[in-house]
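Reader: I am new to this structure, and I would like to be taken through it with some care. Could you show it to me before we begin?

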Amino acid sequence: MKKIISKFLIVTACAGVALTSCDIERLPNGSMAAEDITSDPNTYLDGLVRGAYAQLKTWSDPMHRLGEYAGDNMMIRGSSTDAFYEFISYSRTANNYRLQSFWDSGYKAIAQTSNVIKMIEEGQSTEIDNKLGECYYIRGMMYFYLTRAFARPYYQAPDKNLGVPIVNGTPDDLNNLQLPDRATVTQSYAQAIADLRKAENMLTVNDGPAYASKGAAQAMLSRVYLYMSGTYLNPNTQYADSAAYYATQVINSGEYQLLPREEFMFYNTYVPENNKESIFVVKRVASEFSGDDHYYGIGGMYANIGGMGWGEMFASAKYIDLLNETGRNDWRPDQKKIVDARANFIEPQYVEDDNGKYTEVFRFIKNVYDASGKHTNYNYVQAALNKNGNQYTCSETVGDVTNTYPMTPVNEAQQIYSIKYSDGNTYTGVIDYQMSLNRVYPEFYITKCSREGEDSHLYSPLISRLGELYLNRAEAYAKMGRYGEALSDLNTIRERSIPGAGYSSLDATTAPTLIDKERQLELAYQAERSYDVFRNGEALTRHYPGPQNAMEDIPATEYRVTYFIPQTAINSYPSGSKLTQNPLDNSGVILN
């Protein structure tokens with residue numbers, strides 16, 4: 001048993017967190033012997049566990065940016081010098097302070113929970129066991145999130161590819177510190193599962209989604225096993241069955257409820273304790289967000305609300321098209337019609353003139369070509385709208401040249417038309433109001449990570465909610481060939497958002513596309529998308545306007561699918577220990 005421990009277990013001699021003599025010297029005067037804590041655990045244990053939860057607040061910010069920015073639900077107005085732009089551009093580097101923050105805060109949470117687990121003997125009381133269960137949940141979740149970011153998808157040779165270092169607690173001998181290299185992906189997942197199953201058995205109290213619970217552990221186990229369930233073409237039915245089993249435990253527990261459509265449309269505005277669908281969140285409170293804090297929170301990049309936020313990242317054209325696939329969502333303030341409930345988390349910014357009036361335009365996306373005629377990107381056009389009787393035309397002026405195009409109805413009731421453009425292509429677009437531009441891109445604000453308690457960009461990062469569990473089970477059932485049951489779960493989520501638009505059938509041919517589409521629609525802006533694409537062996541495609549390489553597809557076999565281990569973590573390893581970096585190009589990728 002260690003003789004000196006920080007009261008809040010802040011010192012973290014763990015894999016990859018830079019450990020120097022300064023860390024030891026920063027022990028507060030209130031440090032205490034471990035025996036002081038273990039002799040009176042009821043007095044100190046709650047504070048120690050709260051300290052672990054506090055680490056999640058730091059961790060959850062880069063966690064979101066790694067998972068969401070690397071996907072295809074959003075686009076940014078232009079290139080940026082901020083470290084998060086590397087997540088968008090896939091220009092992987094090891095020197096990235098946001099990546100370092102994700103790694104460091106994750107391992108601090110692992111160290112703090114591990115130290116509590118080591119110090120406190122289980123079986124003393126139900127209350128103490130529940131606190132230990134919270135620690136096991138946090139630790140298991142951290143190992144899973146770290147592994148999915150820094151390791152290859154599970155279906156790719158998990159016994160050969162490297163996961164993350166397994167370091168459960170502060171090493172006993174800090175003077176002769178030796179740290180392990182990365183475990184395999186198989187071992188890293190096994191560690192996460194062992195912790196989460198231990199948590200499942202020890203957690204008996206549900207104090208709401210701000211705290212770990214049995215349901216939270218089961219929800220995370222469902223996701224972990226889904227990540228292990230292989231691809232649709234080559235599924236691992238054993239792990240798929242486990243993913244379905246744990247999803248069923250949560251669904252049938254009666255602890256959580258899917259919000260009805262009318263409430264779900266405002267999911268982001270409910271505080272976690274008043275949200276019946278939330279299972280686990282990283283709780284934030286308004287007192288933590290004051291002044292410029294709203295700019296730097298997760299939602300601050302997605303919108304400007306009440307004068308707060310950068311509002312530099314918008315819903316991608318790909319995501320907008322998915323929302324409109326069943327029927328056009330009309331966001332115009334004076335004729336708003338939301339077809340897909342999930343469209344209510346998107347808020348286009350329309351331009352009003354001095355009299356509060358809007359200008360009608362025909363908005364479409366065109367190809368962009370370089371001087372040699374090569375297709376290099378895409379961009380929006382907001383063309384002036386002209387009406388002559390029942391006939392529409394639109395016009396665009398570039399330089400001194402104005403081109404006018406007849407508009408052909410595609411769906412007149414929804415005001416969807418097509419034009420034959422000057423480049424010879426036919427483009428389809430909508431009659432809409434003119435939107436404000438940030439640089440050259442219309443501002444499709446995203447509010448799913450804002451307005452909690454109606455407070456600007458307040459947001460408690462969402463880890464698990466009941467809607468995901470239905471989709472987990474649908475995918476797991478499909479991978480087991482149980483398409484009828486998969487269809488039922490899939491339509492439970494789909495028809496919640498689009499009543500009466502459930503899919504009529506599901507089979508081996510259609511399941512991958514339909515389930516993936518529904519996961520993208522439902523889980524957008526929850527930091528899941530990029531991982532969902534790659535774990536099923538698919539390529540990430542971002543053929544829409546934005547500064548990303550819109551002509552490049554990123555296959556699941558690419559080296560850039562994984563993030564590089566932070567160089568600070570590698571540098572912090574003591575002499576005689578090694579922390580292996582990920583492959584720097586495709587030649588080092590192990591697929592089987």
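The questions and answers below go through helix packing, cysteines and two single residues.

Reader: What kind of model is this, and how are its residues numbered?

Author: This is a predicted model, in which local features need pLDDT of at least 70 and side-chain atom pairs count only at pLDDT 80 or more, while totals for chains, interfaces and linings use all residues. Side-chain values use heavy atoms, with hydrogens and water left out, and residues are numbered along each chain as its sequence is written, from 1.

Reader: How are H8 and H9 oriented to each other?

Author: Helices here are DSSP runs of H or I with at least four residues, strands are runs of E with at least two, and both are numbered from the N terminus. The axes of helix H8 (residues 214-227) and helix H9 (residues 237-251) come within 8 Å and cross at roughly 155°, where axes are lines fitted to C-alpha atoms, for helices over the stretch in contact, and angles run from 0 to 180 degrees between N-to-C directions. Angles under 35 degrees count as roughly parallel, over 145 as roughly antiparallel, 65 to 115 as roughly perpendicular and the rest as oblique. H8 and H9 are therefore roughly antiparallel.

Reader: Which classes of residue make up the contact of H8 with H9?

Author: Contact means heavy atoms within 4.5 Å, and the residues that make it include Leu221 and Tyr225 of H8 and Tyr246 and Val250 of H9. Ala, Val, Leu, Ile, Met, Phe, Trp, Tyr, Cys and Pro count as nonpolar, Asp, Glu, Lys and Arg as charged, and the others, Gly among them, as polar. By these classes, the contact of H8 with H9 has nine nonpolar, five polar and no charged residues.

Reader: How are H13 and H15 oriented, and what classes of residue are in their contact?

Author: Helix H13 (residues 466-479) and helix H15 (residues 511-523) pack with their axes 11 Å apart, at an angle of about 170°, and they are therefore roughly antiparallel to each other. Among the residues in contact are Glu468 and Glu475 of H13 and Arg519 and Glu522 of H15. Sorted by class, the contact of H13 with H15 has six nonpolar, one polar and five charged residues.

Reader: At what angle do H14 and H15 cross?

Author: In H14 (residues 483-497), residues including Leu490 and Ile493 meet residues of H15, among them Leu514 and Ile515. The contact of H14 with H15 has seven nonpolar, one polar and four charged residues. The axes of the two helices come within 11 Å, and they cross at roughly 30°.

Reader: How many disulfides does the structure hold, and are cysteine 135 and cysteine 394 buried or exposed?

Author: Buried means under 20% relative accessible area, exposed over 50% and partly exposed in between, with a 1.4 Å probe and protein chains only. Cysteine 135 has a relative accessible area of 0% and is buried, and cysteine 394, at 0%, also counts as buried. With a disulfide taken as a pair of cysteine sulfur atoms within 2.5 Å, the number held by the structure is zero.

Reader: Where is tyrosine 563, and is it buried or exposed?

Author: Tyrosine 563 is found in the loop between strand S17 (553-554) and helix H17 (567-572). Leaving out residues up to four places away in sequence, tyrosine 563 touches residues including Leu66, Phe87, Phe150 and Tyr531. With a relative accessible area of 3%, tyrosine 563 is buried.

Reader: Is threonine 397 buried or exposed?

Author: Threonine 397 has its place in strand S7 (residues 391-398). Its relative accessible area is 51%, so threonine 397 is exposed.
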